Amino acid sequence: MNQSPDVTVVGAGIIGLTTAVAAARRGLSVTIVADERPGEASPAAAGALAPSIETDTGPAHDFGVAARDIYPAYIEDLAEHTGIRVPLNRLGVLQVALTPAGVKGLRKSAQPTAEWIDRKDLSDIEPTLSHALGAMLNPDDGAVDNVALLRAVAALIDKTPVITRVHDTVQSVTTVGAHSVRVKLSSGKSIDSANAVIAGGAWSSLIEGLPLLGAIIPARGQLVAYDSIGLRHVVFGPRGYLVPRMNVEIIGGATMENVGFDNSTTPAGIDRVRSSSAEIAPALGAMTPLRSWAGLRPVTPDLLPLIGPDPERPSIIYSAGHSRNGILMAPLSAEVVATLLSGERPKDDLSQFRPDRFQGRF
Ligand SMILES: Cc1cc2nc3c(=O)[nH]c(=O)nc-3n(C[C@H](O)[C@H](O)[C@H](O)COP(=O)(O)OP(=O)(O)OC[C@H]3O[C@@H](n4cnc5c(N)ncnc54)[C@H](O)[C@@H]3O)c2cc1C
């Protein structure tokens with residue numbers, strides 16, 4: 001084990017892994033410390049890349065759009081270095097209207113980039129949505145296969161000699177003087193490095209010594225997978241969404257529940273997801289899901305991540321609490337954090353992600 005890397009990354013979800021790669025590319029040595037936890041968000045997610053629908057206004061919205069738009073190059077680079085081509089869907093995301101009030105609401109809230117598709121055109125492009133009154137198309141949004149993405153990033157890490165992986169549980173993170181961070185592990189070992197990046201997902205608040213992360217709580221999401229019905233676009237309905245994966249499956253999601261760290265599925269939760277899925281594509285109403293699962297989103301009160309250095313201990317950098325959009329934001333969050341680790345100023349506006357914005361509230 002490299003006992004004194006330049007950077008220790010806590011967490012091996014999509015945020016920790018992409019950050020480790022971005023830091024290594026800037027010439028830094030990295031140790032990733034993580035254990036395995038039931039309900040990790042990154043493999044559980046649906047993989048929608050939908051900043052037009054999901055992220056906030058202002059710089060956070062711009063960040064989401066920029067994050068979406070670096071995906072094609074990111075996927076290309078992964079394919080070049082690992083031979084793994086991660087499926088990426090950029091067909092645009094449809095928001096279906098099922099009632100006249102729904103049409104009105106969608107027209108009112110549409111992004112300037114969105115385009116209304118009337119009933120006839122909608123059933124031409126997506127025959128399984130022919131019951132809808134129309135849909136708003138959000139161009140360039142879409143989805144990535146997050147399971148394949150994790151596999152590809154992990155393969156790249158395996159091929160990167162300056163990254164070491166340690167399987168252990170982090171107990172505490174403290175600073176030692178002004179220029180060093182100590183990460184203490186359950187095994188009794190500890191790692192000292194110039195910087196630590198905290199990417200512990202929904203469990204971040206349980207790590208001792210990091211009170212700013214008290215704002216992050218788990219929010220359970222239950223999902224189901226169906227056989228494909230030929231749907232090609234990601235579709236959002238009034239109560240849920242459908243994400244086609246590889247023309248083989250469709251993922252229907254998702255609940256948003258405050259039940260602590262319990263990642264089990266429940267009959268009521270799965271019923272709700274099945275019903276919101278069938279509301280979008282009625283053909284799914286007659287189908288039995290192939291499987292169901294649940295994951296724990298790392299959620300903050302405003303659903304935006306905490307990204308940036310601890311204001312009082314700048315050698316500790318946070319990248320946690322990506323809530324509903326961590327897959328979308330991962331490659332850009334990683335780039336921003338690697339920029340900070342190199343002592344440079346990121347060009348993206350991170351003001352809405354300030355790690356101390358909930359200080360004193362938790
Ligand atoms: C049901 C569901 C649907 C979703 N759909 C989408 C979507 O469509 N689009 C989208 O962009 N996002 C989606 N998300 C959100 C996205 O999955 C998350 O925001 C993102 O995966 C968070 O990644 P992470 O690396 O922070 O956390 P995780 O993937 O949960 O990883 C956390 C890591 O930290 C480790 N860890 C934690 N504490 C410790 C410790 N003390 N010691 C050692 N290791 C530790 C864990 O072992 C794990 O490796 C969804 C999430 C869920 C649950």
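Before I turn to the model, one term: helices here are DSSP runs of H or I with at least four residues, numbered from the N terminus. What I am showing this morning is a predicted model, and I will begin with helix 10, since several features gather around it.

Helix 10 is followed by G343, a residue whose phi is positive, near 80°. Within the helix there is a bend of about 35° at L332. Of the 16 residues of helix 10, 14 are buried, and helix 10 is therefore largely enclosed by the rest of the structure.

That brings me to the largest nonpolar core, which has 46 residues, with V86 and L149 touching the most other members. At least two residues of this core come from each of strand 1 (7-10), helix 1 (14-25), strand 2 (30-34), helix 4 (59-69), helix 5 (71-82), helix 8 (146-158) and helix 10 (326-341), and the largest share, eight residues, is supplied by helix 10. As general background, nonpolar side chains in soluble globular proteins tend to be buried together.

What does V86 contact, once its neighbours within four places in sequence are left aside? The partners of V86 are I75, L78, V144, D145, A148, L149 and A152. Apart from the largest core lies another one, of 22 residues, which includes I316, Y318, A320 and F358.

Next, the second largest pocket, which holds about 330 Å³ of space. It is lined by 15 residues, and those closest to its centre are I307, P309, L340, P346 and L350. Strand 19, residues 306-309, gives the most to this lining, namely three residues. By character, the lining of the second largest pocket divides into seven nonpolar, two polar and six charged residues.

Finally, some backbone details that I would ask you to look at in the structure above. The peptide bond from G253 to A254 is cis, with omega near -20°, and A254 sits in the loop between strand 17 (249-253) and helix 9 (267-280).

Two residues other than glycine deserve a look for their phi values. M246, in the loop between strand 16 (241-245) and strand 17, has a positive phi near 60°, while S323, in the loop between strand 20 (316-320) and helix 10, has a positive phi of about 50°. Which of the words buried and exposed applies to M246, and which to S323? With a relative accessibility of 53%, M246 lies over the 50% cut-off and so counts as exposed, whereas S323, at 6%, is under the 20% cut-off and is therefore buried.

Notes:
Residues are numbered from 1 along each chain as its sequence is written. This is a predicted model: local features need pLDDT of at least 70, side-chain atom pairs count only at pLDDT 80 or more; totals for chains, interfaces and linings use all residues. Side-chain values use heavy atoms; hydrogens and water are left out. A nonpolar core is a set of buried Ala, Val, Leu, Ile, Met, Phe, Trp, Tyr and Cys residues joined through side-chain atoms within 4.5 Å. Buried means under 20% relative accessible area, exposed over 50%, partly exposed in between (1.4 Å probe, protein chains only). Contact means heavy atoms within 4.5 Å. On a 1 Å grid over the protein atoms alone, a cavity is a set of points where a 1.4 Å probe fits but cannot get out, and a pocket is an open set with protein on both sides within 12 Å along at least five of seven lines; lining residues have an atom within 4 Å of a point. Grid points are joined across faces, edges and corners, and a volume is the space filled by probe spheres set on the points. Ala, Val, Leu, Ile, Met, Phe, Trp, Tyr, Cys and Pro count as nonpolar, Asp, Glu, Lys and Arg as charged, and the others, Gly among them, as polar. The bend at a residue is the angle between axes fitted to the seven residues ending there and the seven starting there.
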